[in-house]
Amino acid sequence: FYNNITAQKQTKLEKQIEKILSKMTLEDKVGEMTQVTIDVISKGKPYHLEEPHQLDDAKLEEALVKYRVGSVLNCGGHAYSRDHWYGIMTTIHKYASKKKTGIPVLYGIDAIHGTNYTLDATLFPQQITQAASWNPALTREAGRITAYETRASSIPWTFSPVLDIGRDARWPRLWETFGEDVYLASTMGEALVKGYEGDNNQVHDPNHIAACMKHFLGYSVTLTGKDRSPAWIPERQLREYFVPTFQKAIEAGAHTIMICSGEMNGIPVHADKKILTDLLKDELGFKGIVLTDWEDIKYLYSRHRVAEGDYDAIKMAVNAGIDMSMVPTDLSFPKVLLKLVKDGEVPMSRIDDAVRRILWVKLKLNLFEKPVTNPKDYPKFASAEHAQSAYNGAVEAITLLENKNNILPLSKNDQVLVTGPTANSMNCLNGGWTNTWQGTETKYNTKGKLTVLGAIEKLVGKDKVTYVEGTKFDEAVDIKAAANAAKGKKAAIVCIGENPYTELVGNIGDLALPQAQVDLVNAIAETGTPIIFVMVEGRPRLVNKIADKANAVVMGYLPGNEGGRAIADVLFGEANPSGKLPITYPREPHSLHTYDHKGTDRVHSDFSGNGVNPQWEFGHGLSYTTFKYSNFKINKKELTASGNVEFSVEVTNSGKREGKEVVQLYITDLVASITPAVKRLRGFDKISLKPGETKTVTFTITPRDLAFVGMDNKWTTEPGKFTATIAGETVDFEFKGKVVKF
């Protein structure tokens, strides 16, 4: 019944759950299904807490003892020290233990790129940056360290990973995803779950935490490209592009899942039983907690208008399959749910199912035995070892998109100008969900961490660097001064991009880079000084008007606290870039294709085949060395339903320095009953090669790897011809036999 435990342990755990459940009153049960923000139990009012933060004894008594609230989340506005978190957790447990049931509180936090709501914690690259490394081992290690430092903050649960597919460049949460490809995102998502929960999901271990997959389902591809706006996704596409990342993480044992805040095909997901019960619980076999997002049951009437008030909304959501409501700022939910059960509107079986799931997670986390972990037991918190891991993740993600005449790497003796709005900002390097929700406050930043400017100055010496701000994000500051300072320099390092944001705050009406930054680039270009773009951004801001002005382009994404150092090392040759784009970088505002587009997308207005022309393609990334591919082979030309085929290719470092290369296998279905994509990623491997060294990389492909979701909404592999491609080299093969369903 439960994932990743033996039958004997299942029986023991089930008996333990049933014993606890048998002693619970209805009031106990609806309390367990309630989650409130820390604001509800703190001095002050929600969103306006007193400073410094303090818990309120009377509010604790009401929420945790009277209403038996089972879960608390969030940070009350900003990051706290580990000692303060320890005090919070100790106090919460003290009040929770006063209940007759003694059931501990489950505390959750948005630790999405490190324990970003604990002061001085190790901050890793954001997910889109991790995806650019194409190195699941680095993501797994980031998850492991995040789990350690989250437990060092006395918290056992993170609302991560984001498993939405980032297929719309406009979407303000694109940077929270692992990019546009299902295979890449599924692989990286599985790695992060394993990092958080351990190889065997041993979340009882005080070095691991429970993961929370989000946001189920169809959140990231809205009609407008804006956050929390409607999506229209037919079932076939839903299963092909949106389900697989979650299915992979469920198979990896993730314990909890958060539901999509939006509506899909006119139905708010929080009220959709077909999605939450029929698909998630029954078909995919998910056994953990199904959690709402922030206030989303209330939004069923205040935004979506499918309910008249709390009574109808809670009835809809709980009957659809919600187990826990992130209410989050009041105690209305348990009161209304209690009445709904007594009125016969929500069956007791649904309540018991939800509570069993909640108890399962709490028992698996060992909260009954050890509800609070002590910061003193975690000596490696924010250690140099952890910082090095964050640096490794950042430096392997940095993507060299252009390098005309090999202008990079620069020499440490070169005189350079550093300018642009992202050049001297730690907040821009980290992005949203960093110490505060939007990541814009500077006073909570970790001291001693280096911006791009600071890292360059430390690496080459301040005497080699001239800094002029040039512009803010969308406002000119001293463009003329920056242009004058560029004269006579070896290069102008122009740091362009975005300010931090997330969710609705990040909605925009124009994907183009703001005009102030365009003007800065144009002014410097007139001086004749070579320009190097360093792009620090969470989504691809269009640079088609100025791309030809750049001699080199370095994509930094949102690389975290060690990102400034990583970018500087790449610019000056201390590190060899090896990142590859996990998204398609668009050239024009109405050409937002993904790499796995359909053949008809290629038809241009002049009827040529040039309809897809991105600025940079998915999977693109250069190196300071060169790689030669040869002997691309397949072990047999025919694949049967019960067999597999093996591809092999030799990769040689044909340059003069050591480097890492991402070997990417794409497969094209030449004819199918559903129009096939021009290609789909079906395997990748990141390898390190010394100059002159050759390695053979192999990929094994089964019929399941060739499948698509057919007209009957089932995964299907049809007989026919296929083409495999690696680095421009192709091999043809054929699937023989009958149609196979999965």
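Where does proline 500 lie in the chain's secondary structure? I looked this up to begin with, bearing in mind that the model is predicted.

**Entry: proline 500**

I find proline 500 in the loop between β16 (491–497) and α18 (515–525). I then asked whether proline 500 is buried or exposed. Its relative accessible area is 14%, so I log it as buried. The cut-off for buried is under 20%. Next I listed its contacts, leaving aside neighbours within four places in sequence. Proline 500 is in contact with Asn427, Cys428, Gly431, Gly432, Gln438, Gly439 and Thr440. I also took a distance to glycine 609, which is 109 residues away along the chain. The C-alpha atoms of proline 500 and glycine 609 are separated by 38 Å.

**Entry: the whole chain**

I stepped back to the overall fold. I count 19 helices and 29 strands in the protein chain. The chain has 742 residues, for which a compact globule would have a radius of gyration near 27 Å. The value I get is 26 Å, which agrees. Along the principal axes, the C-alpha trace spans about 75 × 65 × 45 Å.

How much of the chain is buried? Buried residues come to 63% of the 742. I looked at contacts with a separation of 6 or more, and 78% of them join residues 24 or more positions apart. The accessible surface is about 27500 Å². Carbon and sulfur atoms hold 48% of that surface. For charges, I have 89 positive and 89 negative. Their mean positions are 3 Å apart.

**Entry: aspartate 293 and glutamate 295**

Aspartate 293 sits in the loop between β11 (289–291) and α10 (299–302). Its relative accessibility is 7%, so aspartate 293 counts as buried. Which side chain does the side chain of aspartate 293 make a polar contact with? I find serine 261, at 3.3 Å. Beyond four places in sequence, aspartate 293 is in contact with His215, Arg228, Met258, Ile259, Ser261, His270 and Met326.

Glutamate 295 is in the loop between β11 and α10 too. I note a positive phi of about 60° for glutamate 295, although it is not a glycine. Most residues other than glycine have a negative phi. Glutamate 295 is buried as well, because its relative accessible area is 18%.

**Entry: cis bonds around β7**

His215 came up as a contact of aspartate 293, and I followed it. Histidine 215 belongs to strand β7 (residues 212–216). The peptide bond from lysine 214 to histidine 215 is cis, with omega near 5°. I found another cis bond from phenylalanine 216 to leucine 217, where omega is near 20°. Leucine 217 falls in the loop between β7 and α8 (235–251). Most peptide bonds are trans. I marked both bonds for a second look on screen.

**Entry: leucine 280**

Phe216 turned up again here, among the residues that leucine 280 touches. The others are Ile250, Ile257, Ile275, Gly285, Phe286 and Val290, not counting residues up to four places away in sequence. Leucine 280 itself is in helix α9 (residues 273–283). Its relative accessible area is 0%, so I class leucine 280 as buried. I took one distance, to threonine 399, which is 119 residues away in sequence. The C-alpha to C-alpha value is 36 Å.

**Entry: leucine 338**

I place leucine 338 in helix α12 (residues 332–342). At 16% relative accessibility, leucine 338 counts as buried. What does leucine 338 touch beyond four places in sequence? I get Leu26, Glu27 and Val30. Glycine 31 is 307 residues from leucine 338 in sequence. In space, the C-alpha atoms of leucine 338 and glycine 31 are 9.2 Å apart.

**Entry: tryptophan 134**

My last stop was the loop between α5 (127–133) and α6 (136–151), where tryptophan 134 is placed. Tryptophan 134 has a positive phi of about 50° and is not a glycine. Is tryptophan 134 buried or exposed? Its relative accessibility is 0%, so I enter tryptophan 134 as buried.

Note on methods. Residues are numbered from 1 along each chain as its sequence is written. This is a predicted model: local features need pLDDT of at least 70, side-chain atom pairs count only at pLDDT 80 or more; totals for chains, interfaces and linings use all residues. Side-chain values use heavy atoms; hydrogens and water are left out. Helices (H or I, at least four residues) and strands (E, at least two) are DSSP runs, numbered from the N terminus. Buried means under 20% relative accessible area, exposed over 50%, partly exposed in between (1.4 Å probe, protein chains only). A polar contact is a pair of N or O atoms within 3.5 Å; within protein, one must be able to donate a hydrogen and the other to accept it, and residues adjacent in sequence count only if both atoms are side-chain atoms. Contact means heavy atoms within 4.5 Å. The radius of gyration is taken over C-alpha atoms; the globule rule is 2.2 Å times the number of residues to the power 0.38. Accessible areas come from the Shrake-Rupley method with a 1.4 Å probe; for residues, only the protein chains shown count as cover. Lys and Arg count as positive and Asp and Glu as negative; His and the chain ends are not counted. The place of a charge is taken as NZ of Lys, CZ of Arg, CG of Asp or CD of Glu.
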